[in-house]
Amino acid sequence: MKPTKLILALCCLTVFSAKAQRTISAKIVDSTKQEPIPFATILIDDKTGVISNDKGEFNITINRKISERDSLYISCLGYEQKQFAIQKFTDSIISLSTKNIDLSEVFITNKNYTLDEILDKVKEGLKTNYDFDYAKRKLFYRESYYTNMLKTDVKIEESTIPEFNQAFVDSIIKSVPKNTDQHTEVLAEIYGEIKPSTPQKLDILKASRLYDKESEITFENYEKRFNEIIRKHVKRDSYFKIKSGWFGTKEEIDSSFFEDKKEDQQTAEFIEKKKELEAKRKANFLNWRKGSIQSIENANFLDEDSDLNFIEKSRRYEFEMQDFAYLNNEFVYTITFKPKRSEDFEGTLYINTQDFAIVRVDYKNVKPLRKFGLLGISLNEYLKEGTIIFQKNANEKYTLKYADQTDGQQVGIKRPLKIIEKNKNVKGRRKQNELAADLHFIVRNVEKKELIVFESTPISETEFNNFTEVPEVTPTYLPAYDSEFWKGYNIIEPNQAIKDFKIIEKTH
């Protein structure tokens, strides 16, 4: 092929590719209040769709040629569904109008059930309305951790090692950021039965991690300095006695910690260790994310052992019929619930009027899930809230479409700490060194998880068994939010905290 023809062919291919893919970004608002509408469903077809974030924003990509018949469908609980021709769509703001409910429409094929009758039918349908069989689910998962160090006090009372002084400890504490956040995002396919505690197989397609790598380097430097001090002052065959109040433990020191190796030996071992660590890192990343995804996928009323099993524990709650609503072209009962006595949650159930399937749940705890304080250690699990949305699959049964869960806890430690080096091979006194300090830490953590399932395709047990799970992906490190990283992929539009994330480079 001549160069000119090759260039022309490449240009044609580029133009075709550009036409074969289109990304739509917009914000969904209430037509009257002009307020954002969260958790709206945006669909191209039965297999391509996303959910708007808590600000009503979404981003959806169509990876094929768009025809005149292709439409964008926008729907949300309580609103009229809207349809747009994709080829002509240019809006950045989409307004939805509230749906007026005509009760005569609701009761055409449904009688006026009492609240108790509705709940009984919901219980009857828990085993038949939802799909628990083998399936392949294509999904996007995001987990975010926010840490706030409310108190970080360490007072050195005694130290026989000169380098372990108050100034050294203060420098470590000063280097620790008071407020940090990190975000991990995964695009993947998961295989298995949709049940708790059943084997799953995960195929990670792409992943990213947004965090402050500078802090990691800082801690590595302190670890190196700490090890140098230990090698200088601690004897090879010593052990540590660690005491905090009445509690104590014994820690042996690995003899290899003191070994001085030749440079070529260190290099060879470093290369081999790096390979092992990389393989282990990939395996750990896959297994950890697989567990997290399975956990949020099953954290709902279908699991009898779940805290969110509001239906099986219905006697512990007060239910109240509110009204009817409109969701995905179908009517739903809107039923609120709150605890009678000591239960943890309140919220709203949205129940399909035809098959009595719960299609959405909004919940929030009304009291701490767990709270205790003993001997200077305290824990307060003060927050658990979220939204769960189900949607019908190819088998006309419901599977999870979207889950959002936020957990918050505060941990406090106010205790004395004493570390004593002892050595039984030294003549005379066994105690060699001692470090005593008073600790006072208070840390608040918030963990937010989001999961959207784009496709849920039924598969056989044989297909599941034939799929081989291979850990191949580690997350790409991002020092700042990069909108280009997920360009061309359908994900959950990030919140403002993620969009604003940027590492401020430190001067040394």
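The paragraphs below lead through a predicted model of a single chain, from its overall make-up to its cores, salt bridges, surface and loops.

The chain contains 8 helices and 21 strands, and buried residues make up 43% of its 508 residues. Among the contacts in the chain with a separation of 6 or more, 66% are between residues that lie 24 or more positions apart. The accessible surface of the chain comes to about 28700 Å², and 50% of that area belongs to carbon and sulfur atoms.

A natural place to go next is the interior. In soluble globular proteins, nonpolar side chains tend to be buried together. In this model the largest nonpolar core has 50 residues, and the members that touch the most other members are I204, F310, L349, I351 and I358. The element that gives the most to this core is strand β13, residues 317-327, with 5 residues. Apart from this core lies another, of 37 residues, which includes I51, Y79, F485 and I498. To see how one of the members of the largest core is surrounded, the reader may centre the view on I351: leaving aside its neighbours within four places in sequence, I351 is in contact with I118, V122, F331, V332, Y333, I335, F356, A357 and I358.

Charged pairs add another layer to the picture, with a count of 23 salt bridges in the model. In one of them, E450 pairs with R142, and the closest N and O atoms are 3.2 Å apart. Because E450 lies in strand β20 (residues 431-458) and R142 in strand β8 (residues 134-159), this pair ties together parts that are 308 residues apart in sequence. Both E450 and R142 are buried. The salt bridge between K431 and E434 has its closest N and O atoms 2.7 Å apart, and here the two partners fall into separate accessibility classes: K431, at 27% relative accessibility, counts as partly exposed, whereas E434, at 8%, counts as buried.

Another such pair is formed by K499 and E493, whose closest N and O atoms are 3.4 Å apart. K499 counts as partly exposed because its relative accessibility is 25%, while E493, with a relative accessible area of 12%, is buried. These two residues also belong to a network of salt bridges in which E57, E493 and K499 are linked.

Nonpolar side chains are found on the surface as well. F247, F372, L374, L375, I377 and I413 form a nonpolar patch there, with about 550 Å² of accessible area together. Of these residues, I413 lies in strand β19, residues 398-422, and with a relative accessible area of 34% I413 is partly exposed.

The loops offer several residues worth examining one at a time. K235 is found in the loop between α5 (213-233) and β11 (239-244), and at 37% relative accessibility K235 counts as partly exposed. The side chains of K235 and Q432 are joined by a polar contact of 3.2 Å. K235 and N433 are 198 residues apart in sequence, yet their C-alpha atoms are 10.0 Å apart in space.

N300, in the loop between α6 (263-297) and β13, is a buried loop residue, since its relative accessibility is 4%. A polar atom of the N300 side chain lies 2.8 Å from the backbone nitrogen of L302. Leaving aside its neighbours within four places in sequence, N300 is in contact with S306, L308, N309, I388 and F390.

Two further loop residues draw attention through their backbone geometry. Q34, although not a glycine, has a positive phi of about 60°; Q34 is found in the loop between β1 (22-30) and β2 (41-45) and is partly exposed, with a relative accessible area of 48%. E396, likewise a residue other than glycine, has a positive phi near 60° and lies in the loop between β18 (377-392) and β19. Because exposed means over 50% relative accessible area, E396, at 54%, is classed as exposed.

Note on methods. Residues numbered from 1 in each chain as written. Predicted model: local features only at pLDDT ≥ 70, side-chain atom pairs only at ≥ 80, totals over all residues. Heavy atoms only, no water. Core = buried A, V, L, I, M, F, W, Y, C linked by side-chain atoms within 4.5 Å. Buried < 20%, exposed > 50% of the residue type's maximum accessible area, 1.4 Å probe, protein only. Helix = DSSP H or I, 4+ residues; strand = E, 2+ residues; numbered from the N terminus. Contact = heavy atoms within 4.5 Å. Salt bridge = Lys/Arg side-chain N within 4 Å of Asp/Glu carboxyl O. Areas by Shrake-Rupley, 256 points an atom, 1.4 Å probe, with all protein chains shown as cover. Patch = residues over 30% accessible without salt bridge, like charges linked within 9 Å, V, L, I, M, F, W, Y side chains within 5 Å. Polar contact = N/O pair within 3.5 Å; in protein donor to acceptor, adjacent residues only side chain to side chain.
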